[in-house]
Amino acid sequence: MFGAIPRAMICFAAATATPLWPFAVLAICVAAVVLLIVKLRVHPFLALMIAALLAGILTPQFSPAQISKLPAALRADAEANSWIAAVELTAIEFGGVAGAIAISIGLAAIIGLALMESGAADKVVRRMIAILGEKRAALALLVSAYVLSIPIFFDTMFMLMLPLARALCLRTGKNYVLYLLAIAVGAMLTHSLTVPHPGPLGMIDNLRLDAGLSLIWGVIAGLLPCAGGFWIAHLINRRMTVPVREAVGVTREEMNSIAHKPEHELPSFVNSIMPVLLPIALISLASVFKFAAGGIVTADDSRQWLVGTAKVFLFLGNKNIALLVGAALALWVLARQRKLRFSALGELLASPVETAGVIIIITAAGGAFGAMLRNAGVGDAIKALAQGYQMNLVLLSYFVALTIRFAQGSATVAMLTTSAMMYEVISGASLPYHPMYIFLAIGFGSFSISWMNDSGFWVVSRLSGLTERETLSTWTVTAFAVSIMGLIEVCLFSVLLPMK
């Protein structure tokens, strides 16, 4: 049945097809990633793809649903040989992640280049410092990221605000780590706690909770951990200095030259901020219309104009279209400021597009690795193990979400999987607190451990210019600390303010 595969390997696969084998797969693959990237200095793309293939090869058998993802011509071979299935599924999962992120990352790289080259990012930072003062600049980034990211994915928000952090560091000459973490902390919390992000949306559906109430709870519950994360960012920033390294398409010398230009040579403040604010506004409006139009207007309703308006804003608010609008506006500002022709713009775009390609393949490889761990049954094994023990349900929710996040990298998958499992546990039970605390515990657990199998890890690392070790020492540590703060908050309030 397995062709050339040695019979000993077949027997080994069959013998290890136990509920504990997925944990062995997880441990082996995690060790492989750490060894390849940290010790052997293998390029992250190769290391993650090797780990993804390894997870597939160590999977004794794939389910019919997993095999059905493959093209029809390959299914027969994949059913007969699980190693072929492992290779083809890795490629499918890689392509799926790349397709979801490639356009956004490419356009964000272009926006970043244009904002830096035109001086627009520096203009925004100068106005920010003039209004708030240098000491409050990081706080301004934190608050902006927390509020503006409510309707926007973490990756998109980080990419849009990164040029501001770069320009701010060049202007002040310090605190690059603090500025990066301020943006990341604000955007991370809303991504896991507030609708309309897909993870929280899936959780309220799985847990049968009210969307509006969850938004209020999520925003409020995120405030204390957000402040705590900002404090952690300050501590890390004091102990670790990271320079602003060359951005996509802009050398260090060019960035310094831009940062020290006389202000009258920079674009206007409105032109400078619009490439960032306009995509955010379009995405936010799309979220508003999505909720407002759904179920309100019927086929024979006189308010058909609302349907047409909603379609327009849902199109413009698609993240790829919104970023395309932002990129076009940023390029217009650059061309106008530098008096460039289209041919010169095309030459400038070569470098950020090439750099974005590297980011895309690394991020997609991380996503493929997480997906192959999921295909290996790691998530199901964690779910089965958790159901076998009696413990505090807030703690159970958190640690199941944490483990699933660590295993496969996606916060959204961790939220969806854990909430579906926890509903079966709490359904019909009499909780001593509001079930919204289960929602919050899962949300905090879902971003707890961000490492090499998390696409967000690579977005932070590659776009900001941090090495893998620096990203682990800054972003990963901060995310875990904020997650623990959130858990403590939920545990305390579920006792002191049960809202039952």
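Visitor: Which helix does Ser461 lie in?
Guide: Ser461 sits in helix H23. Keep in mind as we go that this is a predicted model.

Visitor: Why is Ser461 called buried?
Guide: Its relative accessible area is 1%, and the label buried applies under 20%. Ser461 falls under that cut-off, so buried it is.

Visitor: What is Ser461 in contact with, leaving aside neighbours within four places in sequence?
Guide: Leu466, Thr467, Glu468 and Thr471. Each counts as a contact because heavy atoms come within 4.5 Å.

Visitor: On to helix H24. What makes Arg469 count as exposed?
Guide: Arg469 belongs to H24, which covers residues 468-496. Its relative accessibility is 56%, and exposed means over 50%, so Arg469 earns the label.

Visitor: Why does Ile488 count as partly exposed?
Guide: Ile488 is in helix H24 too. Its value is 48%; with buried ending at 20% and exposed starting over 50%, that lands in between, so partly exposed is the right name.

Visitor: How far apart are the C-alpha atoms of Arg469 and Ile37?
Guide: They are separated by 9.7 Å, with the two positions 432 residues apart along the chain. For Ile488, take Leu395: those C-alpha atoms are also 9.7 Å apart, at a distance of 93 residues along the chain.

Visitor: What does the overall secondary structure come to?
Guide: 24 helices and zero strands. As for burial, 53% of the 500 residues count as buried, which means they have under 20% relative accessible area.

Visitor: What share of the contacts with a separation of 6 or more comes from residues 24 or more positions apart?
Guide: 80%.

Visitor: And what portion of the accessible surface belongs to carbon and sulfur atoms?
Guide: 67% of about 21100 Å².

Visitor: Let's talk about the nonpolar core. Which residues have the most contacts inside the largest one?
Guide: Leu141, Leu189, Phe369, Ile438 and Leu440, in a core of 154 residues. H6 contributes the largest share of this core, 16 residues.

Visitor: What does Phe369 touch, not counting residues up to four places away in sequence?
Guide: Cys29, Val33, Leu48, Ala51, Ala52, Trp451 and Asn453.

Visitor: How much space lies in the largest pocket, and which residues lie nearest its centre?
Guide: About 770 Å³. The lining has 36 residues, and Asp155, His191, Ser410, Thr412 and Ser455 are the ones nearest the centre. Several helices give two or more residues to that lining, among them H9 (154-172), H20 (393-408) and H21 (411-426). H6 gives the most, with seven.

Visitor: How does the lining of the largest pocket split by class?
Guide: There are 14 nonpolar, 16 polar and six charged residues. Among the residues nearest the centre is Asp155, and Asp counts as charged.

Visitor: How many cavities of 30 Å³ or more does the structure hold?
Guide: Three. The second largest has about 40 Å³ of space. A cavity gets that name because a 1.4 Å probe fits inside but cannot get out, whereas a pocket is open.

Visitor: Which residues line the second largest cavity?
Guide: Phe158, Val177, Leu180, Leu181, Ala184, Val460, Leu466, Thr474 and Trp475. H10 and H24 each supply at least two of them, and H10 gives the most, with four.

Visitor: What is the class make-up of that second lining?
Guide: Eight nonpolar, one polar and no charged residues. Thr474 is in the list; Thr is not named among the nonpolar or charged types, so Thr474 goes down as polar.

Visitor: What makes the phi of Asn175 worth pointing out?
Guide: Its phi is near 65 degrees, a positive value in a residue other than glycine. Asn175 is in the loop between H9 and H10. At 23% relative accessibility it counts as partly exposed, because buried would need under 20%.

Visitor: Where is Lys339, and is Lys339 buried or exposed?
Guide: Lys339 is in the loop between helix H17 (319-338) and H18. Its relative accessible area is 71%; exposed means over 50%, so Lys339 is exposed. Its phi is also positive, about 55 degrees, although Lys339 is not a glycine.

Conventions
Residues are numbered from 1 along each chain as its sequence is written. This is a predicted model: local features need pLDDT of at least 70, side-chain atom pairs count only at pLDDT 80 or more; totals for chains, interfaces and linings use all residues. Side-chain values use heavy atoms; hydrogens and water are left out. Buried means under 20% relative accessible area, exposed over 50%, partly exposed in between (1.4 Å probe, protein chains only). Accessible areas come from the Shrake-Rupley method with a 1.4 Å probe; for residues, only the protein chains shown count as cover. On a 1 Å grid over the protein atoms alone, a cavity is a set of points where a 1.4 Å probe fits but cannot get out, and a pocket is an open set with protein on both sides within 12 Å along at least five of seven lines; lining residues have an atom within 4 Å of a point. Grid points are joined across faces, edges and corners, and a volume is the space filled by probe spheres set on the points. A nonpolar core is a set of buried Ala, Val, Leu, Ile, Met, Phe, Trp, Tyr and Cys residues joined through side-chain atoms within 4.5 Å.
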